[in-house]
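Q: Please take a close look at the aromatic rings and the charged side chains of this protein. Please also explain each term as it arises.

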Amino acid sequence: MGTPLQNHLALYRFVCREFGYDDMRTMLDRLNSAPAGFEANGESEYARALYLNPTLSTVTPDQFSSYDANIATHSRKLRMAGGHGREWKPYQYLALLFTEHYLNRYFTDPEALCAALNAAKTQDRQAATMPDYEPDDLRTLAFQSATGSGKTLLMHAHILQFKHYLDRSGGRLNNIVLLTPNEQMSAQHERELQASGLRARLFSAEAGSDLFSHIEIIDLNKLAEKKGVKRVAVQDFGDNNLVLVDEGHLGASGKVWRERRKELSRGGFTFEYSATFNQVVSKDTELLNAYARCLLFDYAYRQFHDDGYGKDYAISNLPSGIADTSSNMYLLGCLLTFYQQCRIWRDKGAQWAAFNLTKPLWVFLGKTVTGSSKSKADTETKSDVILILDFLGWVLANPDAVRPMLASLLAGQSGLPDETGNDYFAGRFGYLNRHAQDDLYTDMCTTLFYGQGTLHVVYLTAGEGELHLRVADNPVFGVVNIGDSTALYTLLLEKANPDISIDREAGFAERLFADVDRPDSTVNIVIGARRFIAGWNSWRVSTMGLMHVGVGEGPEIIQMFGRGVRLKGWNTSLKRHRKSGAELPSDSVDLGELETLYIFGLRANYMQTFRNLLEKEGVRVEQETIELPVTWNFGQQPNLKLIRLKDNQKYERSEARVTLPNPGEADAPPLITLDLYPQLQSVASGDVSSAASTQKTSVKLGPHHTSFFNRARMYDALLRRKQQNNWYNLAIRPETVECLLQNEDWYDLSMPAERLNVTDFRSVRELEDIALDLMTDYADQFWRKQRRRWESDNIEVVTLDESDPNNVRSYELSVDVTQSQLIDDIQRLKENVERGYFDSLKLGVIMTGAHAYQPLLYAGKDCNVTVRPVTLDENEKKVVEGLAELAESHAQCLRGKELYLIRNLTRGRGVSFFDDFGYYPDFIVWLHDTDCQHIVFLDPKGLSRFGARERKKVALYQDIKSIEERIWKTDPNLRLHAYVLSVTPPGKIDDGRRSSVDWKNDGVYFLNASNCLQQVIEDVLNSG
């Protein structure tokens, strides 16, 4: 369900087309399977995975290399290298890449950029009616990205990107100003900027100047037309500022605020960030036009979740009135849901440390309480808080009433029906039912409240008022922080609930809200208000209760939701474990419970408002999933053979254990080479091609360098890289690090000699990181050599059958439950599966007996159906249809052979080569007759960036023959072949001095050639 802003993103679509793509989706699909990080020479893994569309891109390979090198340089400055634990996610890399290209064009020729944008706008049906770009419009860029997706780190990189292009153009800045929503966020930004190595301070009119420029941080409430006691006059900042606006939606619709922000950035430049621009423009055409023309990057929550990021979610939808009339049973079900998460965490959390889970937290969110007796929002929020406290007091004071209700919930007999008439809580407590507790009530109270007895609500009078919840003298288990705590305390006294003891504590008692994310926090329940919405960065939220939710709070709703679905994930990927690429634990279902946000409303009308706003944003509150059966075709076909590791073994999980050798010892890897010139040259000049002409110097890190290195840090960083690279069975000794530092014969390092001059701590750290990169490559080459040796001894020939992991038993097609027409169309497709393109679904079906199973599905542009497993892309579709036509027409090139194929799946299901980067060619093809069987691996790929990864894939054409020789011992009639089908014309490959014939001699054929597949088959048969 698109919003008007999503349908009018002129700048976003323009930049996508500059890279040769209609939208960002295809670009992300290429990046999502690539590892994060940079090679020692600065080239990113993402740049290797993403190739420019050779026929549509206006960005040249040299420009692309320059952009990537700039990003690598900025990343090091932000302390994102050398084991700092921060890596760009694929979508963040694209945001930086888009920014590089925009700023390059903006600073090179702004008039040409303006003209190009207007020309592109006239060709865009949905954007054509918007006002034309004016030069001043180019001074603002907006970024919409889901809450929890890392917008703050993007901001830090944008500062460096802007300064790079500004410096290159000879320009200057007056100030860098960061506007935040409030004082708390200002303080948080100051800490985060300093953690990234950027100088920042909270703005003060009294602060004097110093030798170093700072990023000035100020919350928007302090900006005014005239200077006051707590106000800063906009004009005091002067002109020509770089302005960064956090939570850019706040105040966006206010004319006065927008004018002040415009004045602040006059003559300068503005970056704005928000997760919710969609909401603020929905009723304002002027804002819609403004953000449609300046929003460069759009990665709202729906895309974020679909790519596997953040928690799953379950949103209750009880019929109106049920929760109101049966509130204790309903809230007890919510409490039991939270307790189940806490039990799983207590029982199994330690064994899932690699997935970076945090102790569950139940939060209740609502309006800010101001104390105004006339405010309906305040009245309802205070009423909801009291309802929660009354419920907790009742649970603790009435064990005999609670125990049988818990039994009913576990049995799925709560008496609360959902919209379908089934018990709402039925089937929700699988873990508790499988792990019975002698006294569930007692354990629940001990786990959540640290005991049983009367609920004590303690009002802290001094400082920022909080109310603490505890049982007797046990630790505090809950915190209430809603703004006007005094009004709530007074109301509780007036109500005088016998189940609750109301206490008052004078003096400066310890406040606990700010520390709920600390590992030693005792707080399990937080009841809070609007302050949670802007910038609260807790990773703990696992259950969310909605108190007062108003109709006009679209941005707040989305941000509230985003706070709850934050997830660190395996290797800090931010992804759910099933989407992270990690090996799934046997108790994956239980782990999934801790990766799910449960949302309950205290009243049904809250939930309906919440659901409606999420659906408007495009978040799939409820989906209809329809299973499309798949038929296995090869039941009567001859035995088709495959090579696989025995029993699907993995070297890193095998019993083989290896120790990293010292240089010169047996099995030590060959000379490690590291060339830093390409990166340094491209960053300095913006022209990668000039790097080749640079006279390179080979240098060594001598004792006068290494004596300053922090050995403990280097060893810890090497161990972190070991974990990130999954070298689980590799032992690294501290003395090996020392030996590598003392020995200069194991590496060849090329870089300008002046880089070896140690002038300050920063230069020492840079050399230390270079040494660490060399050591990482040393360990990497050793481990992979051992892995290849192990795999050579564990390869076997198997016969393809229906149980093969590459077989797809069925597809799952999912759409929003509101899309009744799409659901009907999918049902009709299921009842009569046939070849063709279904326009309403934007989904195509391929039916061919040459493929191991049918149907095969491919997605058209703007496909509005989520399909698992993933559909074919356009190039894969072309290969399947081409091979099927050859097989079904009995083409002459087959010469009496029979042709069969199967799609080769990734994620450990298919056949892979080169452990270096888990290379899974897209297709396996068999050419079969009675005497010989050829197994052909085909991979349609772009080669515009012909880096190390692409060279490895091309080299498989020759390398696979060594595997063939080994299997001849058991199966002498089997032949192995591997080809890359380039979608990039030879002249567009950055190794383009080679002719088509030269490429074919290396197993590279060009997919767009009319007889490409026939040529491949002929080469297979001629090679014997």
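A: The answer below begins with the whole protein and then turns to one helix, to ring pairs and to salt bridges.

This is a predicted model, in which local features need pLDDT of at least 70 and side-chain atom pairs count only at pLDDT 80 or more, while totals for chains, interfaces and linings use all residues. Residues are numbered from 1 along each chain as its sequence is written, and side-chain values use heavy atoms, with hydrogens and water left out.

The protein has 32 helices and 38 strands; helices (H or I, at least four residues) and strands (E, at least two) are DSSP runs, numbered from the N terminus. Of its 1024 residues, 56% are buried, where buried means under 20% relative accessible area, exposed over 50% and partly exposed in between, with a 1.4 Å probe and protein chains only. Among contacts (heavy atoms within 4.5 Å) between residues at least 6 apart in sequence, 74% join residues at least 24 apart.

Helix H5 has 19 residues, and 17 of them are buried, so H5 is largely enclosed by the rest of the structure. The expected span of a helix is 1.5 Å times one less than its number of residues. For H5 this gives 27 Å, and its end C-alpha atoms are 27 Å apart, which agrees.

The aromatic rings come next. Rings of Phe, Tyr and Trp (its six-membered ring) pair if their centres lie within 6.5 Å; planes under 30 degrees apart count as stacked, over 60 as edge-to-face and the rest as tilted. By this rule there are 36 aromatic pairs. In one of them, Phe-162 and Phe-269 have ring centres 5.1 Å apart and planes at 40°, so the pair is tilted. Phe-162 belongs to helix H7 (residues 151-169) and Phe-269 to strand E8 (residues 269-274), so that the pair links parts of the chain 107 residues apart. Both Phe-162 and Phe-269 are buried. Ring pairs also link these two with Tyr-102, Tyr-106, Phe-107, Phe-143, Phe-271 and Tyr-273 into a cluster.

A ring may also have a charge over its face: NZ of Lys or CZ of Arg must be within 6 Å of the ring centre and within 35 degrees of the ring normal. Arg-428 lies over the face of Tyr-424, at 4.1 Å from the ring centre. Arg-566 lies over the face of Trp-539, at 4.2 Å from the ring centre.

Side chains of opposite charge can pair when their charged atoms come close. A salt bridge is a side-chain nitrogen of Lys or Arg within 4 Å of a carboxyl oxygen of Asp or Glu, and the structure holds 38 of them. Glu-18 forms one with Arg-105, with the closest N and O atoms 2.9 Å apart. This pair links helix H1 (residues 10-18), which holds Glu-18, to helix H5 (residues 90-108), which holds Arg-105, across 87 residues. Glu-18 counts as buried at 9% relative accessibility.

Asp-929 and Lys-897 form another salt bridge, their closest N and O atoms being 2.3 Å apart. Asp-929 lies in the loop between strand E35 and strand E36, and Lys-897 in the loop between helix H29 and strand E34, so the pair ties together parts 32 residues apart in sequence. Lys-897 is buried, with a relative accessible area of 19%.
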